[in-house]
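Q: I should like to go through this model with you, starting with single residues and then turning to empty space inside. Shall we look at it together?

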Amino acid sequence: MNKTKALATGGAILALLAVPAFAGPDEDSLVINGETEIVTEAPAPAHLEGVLDTIYSGWRFRSDDTQALEMDDFDNPAMLAVDAAAATFETVDGAAGKSCASCHEGGPESFAGLGAVMPKVRESDGKLVVMEDIINECRTERMQAEEWKWSSQTMQGMVALIRLQSRGMPVDVAIDGPAQSFWDQGKEMYYTRFGQLELSCANCHEDNWGNMIRADHLSQGQINGFPTYRFNTTGLVSVHNRFRGCIRDTMAETFAEGSDEFRALELYVASRGNGLSVESPAVRQ
Amino acid sequence: MKRTCVILAVTALGAGSAFAQAIAPGEVAYEDGAVSASLTGAPGDPAEGRKVMNRGAGNCVACHQVTDLTEYPFQGEVGPTLDGVADRWDEAQLRGIVANAKMMFPDTMMPSFYKVDGFIRPGDGYTGKAATEIHPLLTPEQIENVVAYLLTLKE
């Protein structure tokens, strides 16, 4: 997994700022490294009946230049953090004298499939967990090491490394059974018009995807590609960081990264992407 | 992690109105979504209202396209174009739509620019923190000015 190269030129970055002048998703298809086919358009899952017919990855709403950076891991700036995470995976840390690899002998590859079904309700304690929770529990409980900050590059690099093992697999998070009540909570949040601007996620990502809002081309707000590398922050962005920013931009008191509210919202938003491929780590402008 | 773009950068300015007799947000009388009395008691200035359409004030162009405002880039397509809007609505209706569009269009996405209550988790501007004091998104003067500007948009 050392297929990394820093992003080429300043010129490429400037080109990314250009605004696409079309509405709706484009017709491009995504194949990564010439081998992994990514489903960026799929029939909407049954729970979205009457709301959306087709779901699209955010990749389909980006400019050709931004899209291109995701088509080869040598060009994908997110792979720097993924490579660092691969090294961290082998590195002993904490009072227990263990690395991730001490327990997970099969390496990151042993997590193939996990990214496609997260978040999920853990059977042992009925808690809704997202990838960051699992990683931090391994660190604090099994390694006796410090927990990582939610949106730190170290944490998000590890999330990206683990999700990468499921790249190309269809997102398939469970929404029924023990997940149902969390899913209901997330759904309610999705339709709540927060803040002084009184805007819900649905206002922008369900009613207006494809439209321009100022300089931004609205996508369906899918999270199948998270963590995503964003140029305006030059780093990996966590799902909860993205949620926080979107709610803050409605002139609202936002929720904290790692809050139960955002776990529930993450489950719900992930389920709106059931059928798209895991695309992590994606590149967005 | 700092985010640099605030999509709908409208600024709440409410305090310090120069017009002591301005009608307060809670006192505005809506009739079928329209407001007949000037919020300031005086006519607005269309040239000033033109500026309110831009980012940093009403940021109306985030959602609306207006041919007359070509110097403001990146006009949105969430709401209808405002070209010819004065042919479709009269002054009282335009004032009502700008002050609180939800009176005219119940579930509209358009923010209410002259309203200070009924919000869910209102924030302190774009800090993400809870609001301590809520000002309307636009002052009464700005609303009158923007209505005066909209009245110039005839086809």
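Q: Is Arg214(A) buried or exposed?
A: Arg214(A) counts as buried, at 5% relative accessibility. Buried means under 20% relative accessible area, exposed over 50%, and partly exposed in between, with a 1.4 Å probe and protein chains only.

Q: Before we continue, what kind of model is this, and how are things numbered?
A: This is a predicted model, in which local features need pLDDT of at least 70 and side-chain atom pairs count only at pLDDT 80 or more, while totals for chains, interfaces and linings use all residues. Residues are numbered from 1 along each chain as its sequence is written, chains are lettered from A and ligands numbered from 1 in the order in which they are written, and side-chain values use heavy atoms, with hydrogens and water left out.

Q: Where is Arg214(A) found, and what is its phi?
A: Arg214(A) is in the loop between strand 7 (212-213) and strand 8 of chain A. Its phi is near 50 degrees, a positive value in a residue other than glycine. Helices (H or I, at least four residues) and strands (E, at least two) are DSSP runs, numbered from the N terminus.

Q: What about Gln144(A): what is its phi?
A: Phi of Gln144(A) is near 55 degrees, again a positive value in a residue other than glycine. Gln144(A) sits in the loop between helix 6 and helix 7 of chain A and is partly exposed, with a relative accessible area of 48%.

Q: Which peptide bond leading to Pro227(A) is cis?
A: The bond from Phe226(A) to Pro227(A) is cis, with omega near -5 degrees. Pro227(A) belongs to the loop between strand 8 (216-217) and strand 9 (228-230) of chain A. A cis bond also joins Ser280(A) and Pro281(A), where omega is about -5 degrees. Pro281(A) lies in the loop between helix 11 and strand 11 (282-284) of chain A.

Q: Changing topic, how many cavities of 30 Å³ or more are there?
A: The structure holds one, with a volume of about 200 Å³. On a 1 Å grid over the protein atoms alone, a cavity is a set of points where a 1.4 Å probe fits but cannot get out, and lining residues have an atom within 4 Å of a point. Grid points are joined across faces, edges and corners, and a volume is the space filled by probe spheres set on the points.

Q: Which helix gives the most to the lining of the largest cavity?
A: Helix 7 of chain A does, with three residues. The lining has 20 residues, and Arg163(A) and Glu266(A) are among those nearest the centre.

Technical notes: 1 Å grid on protein atoms, 1.4 Å probe; cavity = no way out; pocket = protein on both sides within 12 Å on 5 of 7 lines; lining within 4 Å.
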